Amino acid sequence: ASMARSLPSIRLLRLLRLIRAFKRMHKSKELVVLLSGTGKAARTLAWVSLFLFAIAWAAGACMRQVIGNSPVWNGSTNPMV
């Protein structure tokens with residue numbers, strides 16, 4: 001029973017140790033540069049994904065207009081009919 005009571009205090013000590021480690025890491029120039037570069041890469045990846053989605057969406061809208069309104073496809077999903 002005594003071990004169960006001391007468990008929350010052990011968790012608190014672990015959390016404090018983790019916070020102290022993060023404070024020390026903040027002073028590391030290499031880590032700051034690495035995280036900054038990762039953030040910039042993620043931002044670039046998000047923009048590229050957005051542009052690719054927009055291009056695919058526009059191509060889909062154009063194909064819907066060209067193929068969807070084609071008299072060959074009217075009334076059927078099979079163009080051979």
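**View 1. The accessible surface of the whole chain.** In this predicted model, the chain has an accessible surface of about 7,700 Å². Carbon and sulfur atoms account for 71% of that area. Buried residues make up 1% of the chain, which has 81 residues.

**View 2. The helices of the chain.** If you trace the chain from end to end, you will meet 2 helices and 0 strands. One of the helices is α1, which covers residues 2–26. Both Leu 12 and Arg 11 sit in helix α1, and the next two views zoom in on them.

**View 3. A nonpolar patch on the surface.** Eight names are worth finding here: Leu 12, Leu 13, Leu 15, Leu 16, Leu 18, Ile 19, Phe 22 and Met 25 together form a nonpolar surface patch. Their combined accessible area is about 780 Å². Take Leu 12 from helix α1 as your example. Its relative accessibility is 49%, so Leu 12 counts as partly exposed; the label "exposed" needs over 50%.

**View 4. A patch of positive charge on the surface.** Now look for the arginines: Arg 11, Arg 14, Arg 17, Arg 20 and Arg 24 gather in a positively charged patch on the surface. Is Arg 11 buried or exposed? Arg 11, which has its place in helix α1, counts as exposed because its relative accessibility is 56%, and the cut-off for exposed is over 50%.

Definitions and conventions: Residues numbered from 1 in each chain as written. Predicted model: local features only at pLDDT ≥ 70, side-chain atom pairs only at ≥ 80, totals over all residues. Heavy atoms only, no water. Patch = residues over 30% accessible without salt bridge, like charges linked within 9 Å, V, L, I, M, F, W, Y side chains within 5 Å. Areas by Shrake-Rupley, 256 points an atom, 1.4 Å probe, with all protein chains shown as cover. Salt bridge = Lys/Arg side-chain N within 4 Å of Asp/Glu carboxyl O. Helix = DSSP H or I, 4+ residues; strand = E, 2+ residues; numbered from the N terminus. Buried < 20%, exposed > 50% of the residue type's maximum accessible area, 1.4 Å probe, protein only. Lys, Arg positive; Asp, Glu negative; His and termini not counted. Charge placed at Lys NZ, Arg CZ, Asp CG, Glu CD.
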